[in-house]
Amino acid sequence: MKIVIVGGFGVGKTTMVRSISEIRPLDTEATMTQAGQGVDDLAGVPGKTTTTVAFDFGRITIDTEHVLYLFGAPGQERFWFLWDRLFAGALGAIVLVDQRRIADSWYAIDRLEHQRTPFIVACNNFGPGPALPALREALDLDPHIPLLDCDARDRDSCKNVLIALVEYLSLPETTLWRNPA
């Protein structure tokens with residue numbers, strides 16, 4: 001079962017895959033260079049020195065018949081062309097949000113809605129920011145879409161996010177708009 005983790009640049013997608021995967025994750029982290037200056041917006045991500053240039057991959061075995069394959073999507077606009085391919089065949093997605101940079105999440109939500117991929121939203125706790133009801137309003141989320149706090153560095157927190165996604169995917173109303181691909 002394929003799950004995609006998307007969101008803006010520097011929100012913690014790679015960290016989430018690393019925290020929850022039972023295997024050593026495959027990542028495509030590359031050192032950020034001067035070539036990205038003026039292309040990549042580093043506002044709000046001080047000290048970031050690497051970035052995902054394709055995707056991250058991790059795995060979680062649920063039982064002998066069920067395995068979750070986790071794909072962390074790159075967050076920079078110049079890599080968004082990869083997203084539609086990553087969404088293909090996905091059971092659902094997690095939109096990871098930095099509550100200090102809410103606007104960075106709008107594209108991910110728009111793409112998932114366009115692709116008809118069910119998703120939940122997880123707010124990675126980077127410190128003070130709006131409360132979840134204000135975040136829901138700022139993101140213009142439908143009331144049925146789960147929104148929860150998380151810490152992408154914490155395995156149990158990431159596990160709770162995945163459980164919330166699986167529970168959401170099992171709801172009958174979620175299957176009504178799921179992408180048949």
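The legends below describe close-up views of a predicted model of one protein.

**View 1. The whole chain has six helices and eight strands.** Read from the N terminus, the elements follow the order β-α-β-β-β-β-α-β-α-β-α-β-α-α. The protein has 181 residues, and 46% of them count as buried. About 9,200 Å² of the protein is exposed, with carbon and sulfur atoms supplying 54% of that area. Among contacts with a separation of 6 or more, 72% come from residues 24 or more positions apart.

**View 2. Six strands form an open sheet with mixed pairing.** The strand order across this sheet is 4-5-1-6-7-8. Strand 4 and strand 8 (147-150) stand at the edges with a single partner strand each, so one side of each has no neighbour in the sheet. From one strand to the next, the twist averages 25 degrees. Helix 4 (residues 132-139) packs on the sheet and touches strand 6, strand 7 (119-124) and strand 8. The direction of helix 4 makes about 125 degrees with that of strand 8.

**View 3. Strand 5 (residues 67-72) pairs with strand 4 and with strand 1.** Strand 4 (residues 56-61) runs antiparallel to strand 5, and the two pair over six bridges. Within this pair, Ile-60 has Leu-68 of strand 5 as its bridge partner. The two strands form a hairpin, with five residues between them. Strand 1 (residues 2-7) pairs with strand 5 in the parallel sense, over four bridges. Here Ile-5 stands opposite Gly-72 of strand 5. Five of the six residues of strand 5 are buried, so the strand is largely enclosed by the rest of the structure.

**View 4. Strand 1 also pairs with strand 6 (residues 92-98).** This pairing is parallel and extends over five bridges. Gly-7 stands opposite Leu-96 in strand 6. In a regular strand, side chains alternate between the two faces of the sheet.

**View 5. Helix 1 (residues 13-20) packs against helix 5 (residues 155-169).** Two packed helices are described by the angle between their axes and the distance between the axes. For helix 1 and helix 5, the angle is about 100 degrees and the axes lie 9 Å apart. Angles from 65 to 115 degrees count as roughly perpendicular, and the two helices are therefore roughly perpendicular to each other. On the helix 1 side, the contact involves Met-16, Ser-19 and Ile-20. These residues meet Arg-155, Cys-158, Lys-159, Val-161 and Leu-162 of helix 5. By class, the contact has five nonpolar, one polar and two charged residues.

**View 6. Helix 1 is largely enclosed by the rest of the structure, because six of its eight residues are buried.** The buried residues are Lys-13, Thr-14, Met-16, Val-17, Ser-19 and Ile-20. Met-16, Ser-19 and Ile-20 also take part in the contact with helix 5.

**View 7. Leu-165 lies in helix 5.** Its relative accessibility is 0%. Buried means under 20%, so Leu-165 counts as buried. With neighbours within four places in sequence left aside, Leu-165 is in contact with Ile-3, Gly-92, Ala-93, Ile-94 and Ile-120. Leu-165 and Val-121 are 44 residues apart in sequence, and their C-alpha atoms are 9.0 Å apart in space.

Terms used
Residues numbered from 1 in each chain as written. Predicted model: local features only at pLDDT ≥ 70, side-chain atom pairs only at ≥ 80, totals over all residues. Heavy atoms only, no water. Axes fitted to C-alpha atoms, helices over the stretch in contact; angles between N-to-C directions. Parallel < 35°, antiparallel > 145°, perpendicular 65-115°, else oblique. Contact = heavy atoms within 4.5 Å. Nonpolar A, V, L, I, M, F, W, Y, C, P; charged D, E, K, R; others polar. Buried < 20%, exposed > 50% of the residue type's maximum accessible area, 1.4 Å probe, protein only. Pairing = 2+ DSSP bridges. Areas by Shrake-Rupley, 256 points an atom, 1.4 Å probe, with all protein chains shown as cover.
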